[in-house]
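Let's walk through this one together, question by question. Have the model open and follow along.

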Amino acid sequence: MTAPGTESAAVRRGQAPVVVAVSLGGGTGAAARYAASLWWPTQTGGFPWTTFWVNVAGCALIGVLMVVVTEVRGAHRLVRPFLGTGVLGGFTTFSTYAVDIRHLLAADQLRTGLLYLAATPLAALAAVWLATWATRRASPPGTRGGADAKGAGSS
């Protein structure tokens with residue numbers, strides 16, 4: 001029998017590498033997003049193209065990553081937390097998306113704000129779906145995601 005509180009302490013210690021991986025990845029992704037905003041700044045009242053494309057690209061990369069690490073080849077247990085939750089979670093920025101919408105509406109850019117409100121989640125979901133489909137199609141034959149795998153062409 002284990003002493004009270006020991007199991008949760010052991011679980012917490014086992015999660016420390018995951019927390020570190022997510023933290024390091026998140027900082028990397030957020031820095032990349034910030035660099036994109038400096039490289040391609042949005043004009044006040046204009047369509048927030050940088051945030052839009054960062055979110056779409058990040059979602060596409062998440063689709064690729066998930067197929068590769070779950071269907072094509074095994075990966076170290078910290079790859080998904082580092083790349084998926086960390087890097088790509090820090091890179092995509094749905095909080096900035098919400099703030100962008102608020103700023104557009106406050107600046108009486110109702111049409112642009114509503115277009116952005118609808119286009120971002122639709123484009124992000126389409127990007128995940130297309131990237132997942134394309135990655136499965138491009139996977140080597142014989143893998144779970146490979147083109148010759150049962151049902152691969154039906155998704």
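## A helical chain, in questions and answers

Q: What is the order of the elements from the N terminus on?
A: Bear in mind that this is a predicted model. The chain holds five helices and zero strands. Read from the N terminus, the order is α-α-α-α-α.

Q: What percentage of the chain's residues count as buried?
A: A residue counts as buried when its relative accessible area is under 20%. The chain has 155 residues, and the buried portion of them is 32%.

Q: How much of the area that the chain exposes do carbon and sulfur atoms supply?
A: In total, the chain exposes about 9,600 Å². The part supplied by carbon and sulfur atoms is 67%.

Q: Among contacts between residues at least 6 apart in sequence, what percentage join residues at least 24 apart?
A: Contact here means heavy atoms within 4.5 Å. Take the contacts in the chain between residues at least 6 apart in sequence, and the portion joining residues at least 24 apart is 66%.

Q: Is Thr92 buried or exposed?
A: Thr92 sits in the loop between α3 (79–91) and α4 (94–106). Its relative accessibility is 12%, and the cut-off for buried is under 20%. So Thr92 counts as buried.

Q: Which backbone oxygen does the side chain of Thr92 reach?
A: We're still in the loop between α3 and α4, where Thr92 lies. The distance from its side chain to the backbone oxygen is 2.9 Å, and the cut-off for a polar contact is within 3.5 Å. The oxygen belongs to Leu88.

Q: Which residues is Thr93 in contact with, leaving aside neighbours within four places in sequence?
A: Thr93 is also placed in the loop between α3 and α4, and at 4% relative accessibility it counts as buried. On the same terms, the contacts of Thr92 are Arg33, Val54, Asn55, Gly58 and Cys59. For Thr93, they are Arg33, Thr51, Val54 and Asn55.

Q: How far apart in space are Thr93 and Gly58, C-alpha to C-alpha?
A: In sequence, Thr93 and Gly58 are 35 residues apart. In space, their C-alpha separation is 9.1 Å.

Q: What is the C-alpha to C-alpha distance between Cys59 and Ala127?
A: Cys59 lies in helix α2 and is buried, with a relative accessible area of 11%. Beyond its neighbours within four places in sequence, it touches Thr92, Phe94, Ala124, Ala127 and Val128. Cys59 and Ala127 are 68 residues apart in sequence, yet their C-alpha distance is 6.0 Å.

Q: Which side chain does the side chain of Glu71 join in a polar contact?
A: Glu71 is found in helix α2, and at 18% relative accessibility it counts as buried. The polar contact spans 2.6 Å, and the partner is Arg136.

Q: Is Leu24 buried or exposed?
A: Leu24 lies in helix α1. Its C-alpha is separated by 7.2 Å from that of Phe82, 58 residues away along the chain. Still, its relative accessibility is 53%, and over 50% is the cut-off for exposed. So Leu24 counts as exposed.

Q: What separates the C-alpha atoms of Leu122 and Val56 in space?
A: Leu122 has its place in helix α5, and at 59% relative accessibility it counts as exposed. Leu122 and Val56 are 66 residues apart along the chain, with their C-alpha atoms separated by 9.3 Å.

Q: What is the phi of Asp108?
A: Asp108 is in the loop between α4 and α5 (110–138), and at 69% relative accessibility it counts as exposed. Most residues other than glycine have a negative phi. Asp108 is not a glycine, but its phi is positive, at about 60 degrees.

Q: Which element gives the largest share of the lining of the largest pocket?
A: The largest pocket holds about 300 Å³ of space. Of its 20 lining residues, the closest to the centre are Thr42, Pro48, Thr51, Thr96 and Asp100. Elements giving two or more residues to the lining are α1 (6–39), α2 (49–72) and α4. The largest share, four residues, comes from α4.

Q: How many residues in the lining of the largest pocket are polar?
A: Seven of the lining residues are nonpolar and two are charged. The number of polar ones is eleven.

Note on methods: Residues are numbered from 1 along each chain as its sequence is written. This is a predicted model: local features need pLDDT of at least 70, side-chain atom pairs count only at pLDDT 80 or more; totals for chains, interfaces and linings use all residues. Side-chain values use heavy atoms; hydrogens and water are left out. Buried means under 20% relative accessible area, exposed over 50%, partly exposed in between (1.4 Å probe, protein chains only). A polar contact is a pair of N or O atoms within 3.5 Å; within protein, one must be able to donate a hydrogen and the other to accept it, and residues adjacent in sequence count only if both atoms are side-chain atoms. Accessible areas come from the Shrake-Rupley method with a 1.4 Å probe; for residues, only the protein chains shown count as cover. On a 1 Å grid over the protein atoms alone, a cavity is a set of points where a 1.4 Å probe fits but cannot get out, and a pocket is an open set with protein on both sides within 12 Å along at least five of seven lines; lining residues have an atom within 4 Å of a point. Grid points are joined across faces, edges and corners, and a volume is the space filled by probe spheres set on the points. Ala, Val, Leu, Ile, Met, Phe, Trp, Tyr, Cys and Pro count as nonpolar, Asp, Glu, Lys and Arg as charged, and the others, Gly among them, as polar.
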